[in-house]
Amino acid sequence: MIRRMRTDDVPQVAEIEKASFSRPWKKEDFLDSLKLSECIFLVSEDDDTGRISGYAGFYMAAEEGEITNVATTPCFRRCGIGRELVTGIFDCARSCGITRIFLEVRESNKPAFNLYQKTGFVPVAKRPRFYSDPVEDAILMEKDLNA
C-alpha cells in the first residue's frame, strides 16, 4: 500500500535511508520535511506486517517539483516498489498543479537510472562532482507530466 508518510514512520524510513545512501538524511531531516506544506513523502507499507518497505520524497515550487530521495529496503529491491512510489509521486504532483519534475541520480546508479527512464524521465544534463562519498557526477533528469 502506498500512502503519505507519518511521523511514526520516520524511524523505519531513516533505517532504509541509512542502508541506501552514503550520506543519509537523519531522522530530524525527515521530521523537518514533513512539516513543510511544499513537501510530500510517500511510503510503501506492507498490508500484513505494517512494515515500511520503501519511501519517496518530493518538494514543490510553483509548477515544478524535485524528487529528493527514493529508496527501498534492500530485500525488497527490484520488486516494483520504487516504480509504485514514483508513480504515486506523479499522482500527488498532478493534483498540486505540478507540470515538470526533476531529479538527480548518481551516474553509476544504473538500477535507479533505469527505473527513472521506465517511468518517463529523460536525461537533460550532467552535474559534475555533484555527489560526495564518493565524488561522482549526477545525471539531471526531467519528467514532463503533460506529455
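Reader: Leaving aside sequence neighbours within four places, what is Val 105 in contact with?
Author: In this predicted model, Val 105 is in contact with Ala 112, Phe 113, Tyr 116, Tyr 131, Asp 137, Ala 138, Ile 139 and Met 141, not counting residues within four places in sequence.

Reader: And which residues of the largest nonpolar core touch the most other members?
Author: Val 105 is one of them, along with Phe 58, Ile 67, Ile 101, Tyr 116, Phe 121 and Met 141; that core has 26 residues. Elements supplying at least two residues each are β2 (39-45), β3 (52-61), β4 (64-72), α3 (81-95), β5 (100-106), α4 (110-118) and β7 (136-144).

Reader: Which one gives the largest share?
Author: That's α3, with seven residues. There's also a second, separate core of 11 residues, which includes Val 10, Ile 16, Cys 39 and Phe 41.

Reader: Switching to rings, how many aromatic pairs are there?
Author: The count comes to seven. One of them is Trp 25 with Phe 41: ring centres 5.8 Å apart and planes at 65 degrees, over the 60 cut-off, so the pair is edge-to-face.

Reader: Where do those two sit in the chain?
Author: Trp 25 is in the loop between α1 (10-20) and α2 (27-34), and Phe 41 is in strand β2, 16 residues apart, so the pair links distant parts of the chain.

Reader: Is Phe 41 buried or exposed?
Author: Phe 41 counts as buried, at 2% relative accessibility, while Trp 25 is partly exposed at 23%.

Reader: Which residues do ring pairs link into a cluster with Trp 25?
Author: Phe 30, Phe 41 and Tyr 55.

Methods:
Residues are numbered from 1 along each chain as its sequence is written. This is a predicted model: local features need pLDDT of at least 70, side-chain atom pairs count only at pLDDT 80 or more; totals for chains, interfaces and linings use all residues. Side-chain values use heavy atoms; hydrogens and water are left out. A nonpolar core is a set of buried Ala, Val, Leu, Ile, Met, Phe, Trp, Tyr and Cys residues joined through side-chain atoms within 4.5 Å. Buried means under 20% relative accessible area, exposed over 50%, partly exposed in between (1.4 Å probe, protein chains only). Helices (H or I, at least four residues) and strands (E, at least two) are DSSP runs, numbered from the N terminus. Contact means heavy atoms within 4.5 Å. Rings of Phe, Tyr and Trp (its six-membered ring) pair if their centres lie within 6.5 Å; planes under 30 degrees apart count as stacked, over 60 as edge-to-face and the rest as tilted.
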